[in-house]
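Student: I would like to learn how to read the places where parts of a protein meet. Could we go through an example together?

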Amino acid sequence: MSRIGVFVCHCGENIARTVDCAAVADALREHPGVVRAEDYKYMCSDPGQQLVKKAIEEDGLTGVVVCACSPHMHETTFRRAAAQAGLNPFVVEMANIREHCSWIHDDRERATAKAIDIGRTIVEKVKQDRPLETIRIPVTKRALVIGGGIAGIQAALDIADGGHEVVLVEKEASIGGHMSQLSETFPTLDCSQCILTPRMVEAYQHPRITLHTWSEIEKVDGYIGNFTVTIRKKARSVDENLCNGCGDCQAACPSRKVASEFDAGLGKRTAISTPFPQAVPNIPVLDRANCTLFKGRAKGLAKDACGKCKEACLKGAIDYDTEDTFVTEEVGAIVVATGFQLYDIGREQPAGLKGYGEYGYGEVPDVIDGLQFERLASASGPTGGEILRPSDGAVPRTVVFVKCVGSRDPEKGMSYCSKICCMYTAKHTMLYKHKVHDGRAVVFYMDIRAAGKGYDEFSRRAIEEDGAEYVRGRVSRIFRDGDVVKVWGYDTLSGRQVVIDADMVVLATAVRPQPGIAELAQKLSVSYDQDGFLNEAHPKLRPVETNTAGVYLAGACQAPRDIPESVAMASATAAKVLGLFSADELERDPSVALVNERTCSGCFHCERVCPYGAVEHRDVCDMEGHVCGHVAWVNPGVCQGCGTCVAVCPSKSVELAGFTDSQVYAEINALAGW
Amino acid sequence: MEASFEPRITAFVCNWCTYTGADLAGTSRLPMASNVRIIRLPCTGRIDHLFVAKAFERGADGVIVSGCHPADCHYTAGNYHARRRFGVFRELLSFLGVDPRRLTFSWVSASEGGKWADVVNETVARVRELGPFDAYHRLADAPVPDGDPFAALESATPRADGAGENEPSGVHASEPGRGRAAATGGSGA
Amino acid sequence: MTLAYYPGCSMHGTSREYEESLLAVAAALGLDFAEIDDWSCCGASSAHAADHLLGVALPARNLALAEAQGADRVLAPCAACYNRLSGAAHAVAEEPGLAARVRDVLERPFANTVKVLSIVELLRGLAPAIEERVAARLEPDPLAHLSVATYWGCLLVRPPLATGFDDAEQPTGMDEVVAACGARPVRWNMAVECCGGAFSIARTSSVLRLSRAIIDDARRCGADAIVAACPLCHANLDFRQSAMSMKGAPPMPVLYITQLVGLALGLPLDLLGFDRHFVDTQPLLARLADDARRAAAGAAEREAARAAKAAARAQAGAAAATAAGGGGERTAPAGAVP
């Protein structure tokens with residue numbers, strides 16, 4: 001006999017304003033199987049939970065329905081309260097009358113009727129809920145961190161310092177990410193590499209961190225506590241164990257004109273190279289696409305056209321015949337810290353984005369982006385830290401900085417604010433003026449977003465102390481006119497058009513997630529939004545988790561983010577991971593599939609559709625122990641509870657606990673004649 | 001069609017994408033029609049087509065099935081199975097006498113609150129135009145023919161000796177679908 | 001696939017040379033089209049500034065007529081007419097309820113099936129044919145030394161959703177046509193910048209300033225002439241050029257794209273309407289004629305030199321043949337009989 005207790009929450013005004021909660025309680029009290037129904041202002045509060053506990057004890061409830069917010073908010077809260085009162089938590093469910101009702105409707109009568117329907121549906125479902133025991137599975141106490149920028153490094157260090165092993169995978173030849181390309185960081189104007197390299201070295205030398213650079217994630221199998229990850233270590237052509245970072249190979253390489261990715265295209269590198277002098281590990285990579293020897297092999301030359309690096313290497317570390325290799329790692333948690341890339345204003349764009357024809361599609365000389373300016377300003381950059389314009393190496397006397405290029409612009413396909421550009425543009429004007437004292441720095445802006453600690457003071461400093469000229473208005477065109485870059489803008493505060501003959505223009509282009517993010521997200525079963533940024537589990541309260549248990553997010557892969565926030569987020573993910581690793585066993589949601597072996601015919605359609613390989617074959621034996629048939633069996637430790645097997649089973653022999661067929665039909669029937 | 005007919009829509013949605021997207025629509029206070037009742041399932045792959053048929057049978061005028069975008073399923077492939085299943089089910093649904101325009105199949109991700117509101121409003125508007133789905137009720141309420149109901153069947157089936165021509169009758173054994181429609185006198189389907 | 005022709009008010013009026021050259025080029029390329037019977041004004045700037053429905057219905061009337069007369073495409077050489085016609089087609093397709101209201105106002109059926117073509121789209125499609133004809137001419141590369149700045153104005157590629165046949169910031173279609181003619185399109189900066197448009201009368205000083213900036217840039221980028229595809233742009237750049245203070249710089253001839261194609265195809269000059277321009281085109285045409293003559297002369301000279309050399313070689317061969325019989329170690333030319 002069902003004895004269901006129904007609790008209708010007002011949620012302050014959130015529900016009560018549109019839904020007559022007392023009426024809902026009254027209606028549900030009459031529903032067969034319900035022995036108590038009451039309404040209360042804040043069910044999730046302590047007194048609210050006490051109501052539930054008291055009712056469980058006094059009324060001998062066999063099930064509880066809380067009509068309130070989304071189960072994603074408080075299902076755990078009420079399940080825990082019920083468990084404390086001695087009721088199995090899995091007979092406690094929530095009816096969503098807030099997000100799905102009171103918040104989206106105005107008509108009180110209709111909203112109340114709908115709330116009653118929703119409540120009835122869940123009551124019918126709970127009447128068929130069975131008490132379930134949580135499943136316990138072992139946890140592999142190793143973490144994988146994808147991405148070796150500042151966020152990935154921080155997460156790896158925190159987890160490793162917390163006593164657990166970390167595998168850190170980075171797709172470039174060195175860890176460090178974009179922070180290693182920066183000259184100075186806001187708001188302190190700290191030298192970026194100076195504060196970063198100690199961390200990089202610490203990560204490299206940490207006994208519990210295994211570093212795989214020039215590597216990418218190939219495949220991810222498994223689930224929280226039990227991931228199996230295949231890592232592709234791309235062919236470096238250099239043996240990491242033999243190389244001692246002497247650099248002789250780079251000095252010997254004849255191919256010296258390759259555009260350097262680290263210098264954002266402004267400098268040149270050799271075919272075999274480390275990205276920058278402080279690279280960690282300090283082991284070069286041979287870029288086969290630009291290597292004389294490999295280009296010859298591709299053309300089918302009989303004899304290798306070069307071999308200078310191998311000759312120069314005293315350790316014999318160079319091997320032209322290496323291929324990509326694969327490494328498998330077992331981990332219990334994954335932190336994604338893949339960072340960002342900058343929007344390119346060129347003609348060719350991924351689907352949904354448009355280039356900036358108004359600014360020349362990236363073909364106008366001396367129109368550069370923020371990372372390129374960082375390389376000019378950087379002491380280790382292509383100009384040795386002097387601000388010289390790329391076309392002719394002259395010192396630019398007038399530099400125009402344009403903010404919001406692509407960002408906040410639905411026409412270009414990126415409606416969001418990139419957060420860091422206001423601050424780094426102010427910084428750029430200061431770096432420029434510190435080096436070119438009589439130079440003129442003009443910034444075209446829409447707003448100045450400087451909300452962090454010390455940020456507003458920093459931007460004011462650029463204007464008041466360093467003489468940056470801020471013009472509020474947008475730039476309509478940028479083009480080359482002889483020796484100058486013509487900038488046509490508008491000053492909205494004075495109502496006048498502004499034409500500037502600039503020597504160089506720096507565009508603050510939008511921050512976007514890394515290329516290939518969609519593929520990586522699919523491998524991890526993590527969702528992403530229309531801009532490609534990975535989705536957090538809840539934007540306010542669960543910003544570092546995803547909806548895939550065991551996968552966490554740190555840094556700019558989730559949204560544009562500056563360094564202090566990336567570091568904070570990385571430490572937060574480490575806290576989550578260390579929490580996960582703090583118990584030897586993980587409790588899993590027991591909503592898994594169960595096969596009725598008596599009716600199962602052994603067709604194994606279920607096995608074919610299971611994405612996790614959770615279905616195994618079981619022998620059916622007769623009394624003498626001879627195998628006379630096979631049936632399916634679902635491993636409760638592996639099953640994730642999707643229910644696809646239930647829907648394909650021709651004999652209806654498999655059920656999903658918590659979402660059985662009879663429960664769904666009960667819900668459908670509850671809505672009948674509404 | 002009544003002047004103010006309010007369609008009843010049952011929605012089978014997946015927990016990870018559409019249910020969360022609907023939560024987001026709520027958090028964003030996006031106004032939408034109040035005709036939809038959501039049944040939450042872990043994945044669209046869990047949805048048996050008979051749920052849809054049952055929903056129509058039990059009074060729904062329209063049904064929405066909504067899950068994660070292809071390639072983004074929380075359980076990797078459940079939505080692909082759902083999509084395949086429903087590609088085939090559409091024909092069965094017509095055969096059952098339900099206008100396939102009453103079934104909406106959509107992909108709504110967890111960040112697409114606006115899209116969920118659009119799906120709800122468009123479905124309600126479309127089903128409102130199609131009118132109430134009462135074919136099953138009318139079938140149930142249709143008068144039972146006098147005498148032996150199988151007599152009509154027998155005379156309709158050609159016998160080996162050539163006797164008994166096909167007579168137009170309420171029930172044609174060879175065309176069950178059509179017969180059903182005739183019995184209800186042309187359903188709204 | 002019938003092509004209708006919508007001249008609009010200017011093609012028979014102020015930009016008569018545009019139509020003359022268009023018809024000449026069409027005839028030469030075997031292009032067939034007929035004027036829409038009973039066509040009326042497209043509304044130009046005035047209608048859409050006054051009332052949205054009027055601004056759509058006026059051009060839509062011409063589209064409806066074209067439909068009724070069996071056309072599936074309409075050529076509108078005037079950029080403003082093109083902008084209004086394509087804009088109306090787009091608005092009717094996109095705005096719910098507008099189609100019905102327009103049909104109501106027109107009191108005639110209107111299915112919105114006609115595609116509106118600009119002159120650039122049409123000529124771009126014919127570029128291979130033009131290139132072939134140019135190559136087949138007797139005088140080699142008649143326009144080889146002509147550098148041209150292609151001026152689009154603002155109406156041909158905006159708004160992008162309604163026009164959409166080329167990039168709105170850096171379109172290349174006209175350059176393709178110029179290249180097919182054998183001339184050199186220059187890289188310049190003012191291709192889609194406004195000339196001042198209809199302010200030609202109400203605010204002439206603005207037109208002079210804006211158009212002068214266009215001409216200055218074309219000159220700085222090495223253009224011998226500007227090529228336009230809009231009667232009002234042409235008027236502003238050509239008719240108003242004498243009022244612009246060009247500071248002693250030589251005048252910049254402004255041609256219609258169809259006139260350039262006519263030149264390339266070698267059509268008689270009196271069919272192309274050059275004498276209607278305000279900025280004298282004679283110096284440019286004379287220079288082109290000179291270039292052609294010199295090129296022809298040069299070609300003839302080279303041919304003569306080649307013939308002479310061949311003759312000389314033949315003579316030397318014959319002499320060697322007679323001398324070889326008199327002994328001596330001498331390498332005989334291949335084939336010669338020792």
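**Reading two interfaces**

Tutor: Happily! Chain C and chain A bury about 870 Å² between them, and carbon and sulfur atoms give 35% of that area. Buried area is the accessible area (1.4 Å probe) that two parts lose on being put together, summed over both. Before going on, note that this is a predicted model, in which local features need pLDDT of at least 70 and side-chain atom pairs pLDDT 80 or more, while totals for chains, interfaces and linings use all residues. Residues are numbered from 1 along each chain as its sequence is written, chains are lettered from A in the order in which they are written, and side-chain values use heavy atoms, without hydrogens and water.

Student: Which residues in chain C lose the most area to chain A?

Tutor: They are Glu169(C), Gln170(C) and Asn189(C), together 56% of what the chain C side buries. As for contact (heavy atoms within 4.5 Å), chain C brings 9 residues and chain A brings 11 residues.

Student: How many salt bridges are there between chain C and chain A?

Tutor: A salt bridge is a side-chain nitrogen of Lys or Arg within 4 Å of a carboxyl oxygen of Asp or Glu. Between chain C and chain A the count is 3. One of them joins Glu193(C) and Arg477(A), at 2.8 Å from N to O. By class, the side of chain C that touches chain A has 6 charged, 2 polar and 1 nonpolar residues. Here Asp, Glu, Lys and Arg count as charged, Ala, Val, Leu, Ile, Met, Phe, Trp, Tyr, Cys and Pro as nonpolar, and the others, Gly among them, as polar.

Student: Now to the inside of chain C. Into which domains is chain C divided?

Tutor: Domain bounds come from an automatic or database domain assignment, which gives domain 1 (2-117) and domain 2 (126-291) in chain C. Their centres, taken over C-alpha atoms, are 24 Å apart.

Student: How much area do domain 1 and domain 2 of chain C bury between them?

Tutor: About 2100 Å², with 68% of it on carbon and sulfur atoms. In domain 1 of chain C, Glu17(C), Tyr18(C) and Leu29(C) lose the most area to domain 2, together 28% of what that side buries. The contact involves 23 residues of domain 1 and 28 residues of domain 2 of chain C.

Student: What about salt bridges between these domains?

Tutor: The count between domain 1 and domain 2 of chain C is 1 salt bridge. Glu20(C) and Arg276(C) form a salt bridge, their closest N and O atoms being 2.5 Å apart.
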